[in-house]
Protein chains: 2
Amino acid sequence: MNTRPLPLADDRSSERGDAARNRTRLLEAAALLVAERGVDAVTMDDVAARAGVGKGTVFRRFGSRAGLVRALLDHSEREFQQGFLFGPPPLGPDAEPLDRLVAFGRARIELVEVQGELLRAAESAAESHYFAPSHLVSLTHVDALLRAAGVGGDTRLLATSLVASLEATLVLHQWRELGYPLRQLADNWAELAHRVVTGTSASARDTRVVT
Amino acid sequence: MNTRPLPLADDRSSERGDAARNRTRLLEAAALLVAERGVDAVTMDDVAARAGVGKGTVFRRFGSRAGLVRALLDHSEREFQQGFLFGPPPLGPDAEPLDRLVAFGRARIELVEVQGELLRAAESAAESHYFAPSHLVSLTHVDALLRAAGVGGDTRLLATSLVASLEATLVLHQWRELGYPLRQLADNWAELAHRVVTGTSASARDTRVVT
DNA sequence: ATGATAAACGGACCGCAGTCCGTTTCTATT
DNA sequence: AATAGAAACGGACTGCGGTCCGTTTATCAT
C-alpha cells in the first residue's frame, strides 16, 4: 500500500536524459514484442532484455506490468478521448446526449476488437485500474452525458454501473469465450443506455401497471 | 489452457478416503488462516503446511487459489442462492419481479460487507470466474427476473450488464477506497434496476420529447 | 574542467502461484 | 491375506512480478 504513484498525470518534464531515452527504448521494445507474440506472452524480463536495460529500470519507469501496458495504450486512449470529447457526431459534442452515450459504448466495444488483450492486461492490476486516468475520464464523460440527458439522482454511481459493463475483461469474455458478435454486444449497450435514460426513477415508485 | 475442471458441479462422490479427509483438513486450515489473517495474507503454502499436507495436494483438490477460495465461499453461496430461489419475500418467489431484482442486488451488496475480500479473491482468477457456477446462477436468476418483469430483447445480455455492476471487486472499491456507504450503493442498484425495467427499448426509437 | 549530489541504473534476490514426477497409499479383486 | 493398478501424495522445481541496494552517470555549481 504505497502513496498513489500517478494520481492524474505523469510529469515527464525535468526528466534526466538517460531516463527519457530508456523510456522510449522500453516502449518500443514492448510494442515490438507485443506485436509479434501477443501481450500475454511477454514478460517484464523480455522487455528489459530487448530494450537492453536492467529490469529494475522497467519498474522504476512504469511501476508495474499494468503500468507499462497502460503506457502502451496511451496513444490510442488519447485518440479515443479526443473522439468523444471534441470529435464529430454522434460521438462528439454536436449530438444528442443519448446518441453520444450509445456511440461511446459502441466505440469502446469496437476498441476491444483491436486492443482487447492490451486493455484486459491494463485492467488486471492488483491495486485497481479504477484510479487510472483514462478510466476516470470515461466515467466522468458518461456521468455528464447522463446528466445532460436529463437523468437525475446520483448519476456518478449510475455511470459507474454502466461503465462496468464495458470492461474489456468482460467484453472479451463474451466475445471470445461465449461467441457473441461484438455487434450484438454493442446493441445491448444501446439497449441498456436507452432504458436507463428513458426509465423512471426508483424514488417515484407509483404508476406501475398491474397486469 | 486445460480442459475446464469444474464445469458446473463437482462430484465428490466416489472420492478416495484420504482424498476426502484431506479436503476437509484443507478447508478447515484455510478457514482458520483466513479468519486470523485475512485472505490476502494467506498463501497456498501456508494452507498446505497448516493442513499438514503437500502443496501439490492443495492444487490437485482445488485447482487454483481462486478455486480454494470459491470452495470456502460455497456455504454462504448456497445460503444466498436458497434465499433468492426459495426464501421469503422480497427476495424469494412470493414477490414482484422488480422487487425481487432490487432485493437481489441489495443482498449481494450486503454480502460484500462481510465477505468482500473473499469474494474479490474468488473473482481474481486469471481464467475467468465468469464460468463459476455461482456466477452463472446469479446471471440466470437476474435474466429470469427481467423477463418476468416484462423486459423484452436479449435479457441474458442485459442481465450480464447489470450483474457486472455488482462485482465484489468494484463494490469493494467503491466502499473502501471511495468511501461510499453500502447503503448508497444498494440504492443505486435499485435505481438502476428500476430504470432498466421501466425504460423503453432502443428499437422503438421514436416518442422522444424535443425540449 | 572538476567535483558534489541526487537521480537513475541493473541484476541478484525474494515470495508466491502453479507444475512435475517419483513415491506412497487406498481399494477392489481374488 | 495377497496383490495389482489406479488414484492421491508431497515437495522440489519453474517462471514471473516485483523489490533492494550497491554502483554508475547525468547535471549543475563553482
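Let me begin with the surface near DNA strand C, whose residues divide into four nonpolar, seven polar and nine charged. Please keep in mind throughout that what we are looking at is a predicted model.

In total, 20 residues surround DNA strand C, and the closest of them come from both protein chains, namely A:Arg16, A:Asn22 and A:Arg61 together with B:Lys55 and B:Arg65. If we ask which elements build this surface, helix 1 (17-37) and helix 3 (55-62) of chain A, along with helix 1 (17-37) and helix 3 (55-62) of chain B, each supply at least two residues. The largest share, five residues, comes from helix 3 of chain A.

Which part of the strand faces the protein? Of the atoms of DNA strand C within 4 Å of the protein, 58% belong to sugar or phosphate, while the rest belong to bases. Individual side chains illustrate both kinds of approach. On the backbone side, an N or O atom in the side chain of A:Thr57 lies 3.1 Å from a phosphate oxygen of DNA strand C. On the base side, the side chain of B:Arg16 has an N or O atom 3.2 Å from a base oxygen, and for the side chain of B:Lys55 the distance to a base oxygen is 2.7 Å.

Let me turn now to how the two chains are arranged. A turn of 180°, with a shift of 0.0 Å along the axis, lays chain B on chain A with an RMSD of 0.0 Å, and that is the relation of a two-fold axis. In chain B, the C-alpha nearest this axis is that of B:Gly199, at 1.8 Å from it.

At the interface itself, 43 residues of chain B are in contact with 44 residues of chain A. Because 100% of the interface residues of chain B are also interface residues in chain A, the copies meet through the same surface.

Between them, chain B and chain A bury about 3,800 Å², with 55% of it on carbon and sulfur atoms. On the chain B side, B:Tyr130, B:Leu157 and B:Arg195 lose the most area to chain A, together 19% of what that side buries.

As for polar interactions, the rule finds zero salt bridges across the interface of chain B and chain A, whereas 22 residue pairs are in polar contact between the two chains. Helix 5 (97-123), helix 7 (155-164), helix 8 (168-177) and helix 9 (182-198) of chain B each supply at least two residues of the side that touches chain A, and the largest share, eleven residues, comes from helix 9 of chain B. That side of chain B divides into 16 nonpolar, 16 polar and eleven charged residues.

Definitions and conventions: Residues numbered from 1 in each chain as written. Chains lettered and ligands numbered in written order. Predicted model: local features only at pLDDT ≥ 70, side-chain atom pairs only at ≥ 80, totals over all residues. Heavy atoms only, no water. Near = heavy atom within 4 Å. Polar contact = N/O pair within 3.5 Å; in protein donor to acceptor, adjacent residues only side chain to side chain. Helix = DSSP H or I, 4+ residues; strand = E, 2+ residues; numbered from the N terminus. Nonpolar A, V, L, I, M, F, W, Y, C, P; charged D, E, K, R; others polar. Least-squares fit on C-alpha atoms with pLDDT ≥ 70 in both. Contact = heavy atoms within 4.5 Å. Buried area = accessible area lost by both parts, 1.4 Å probe. Salt bridge = Lys/Arg side-chain N within 4 Å of Asp/Glu carboxyl O.
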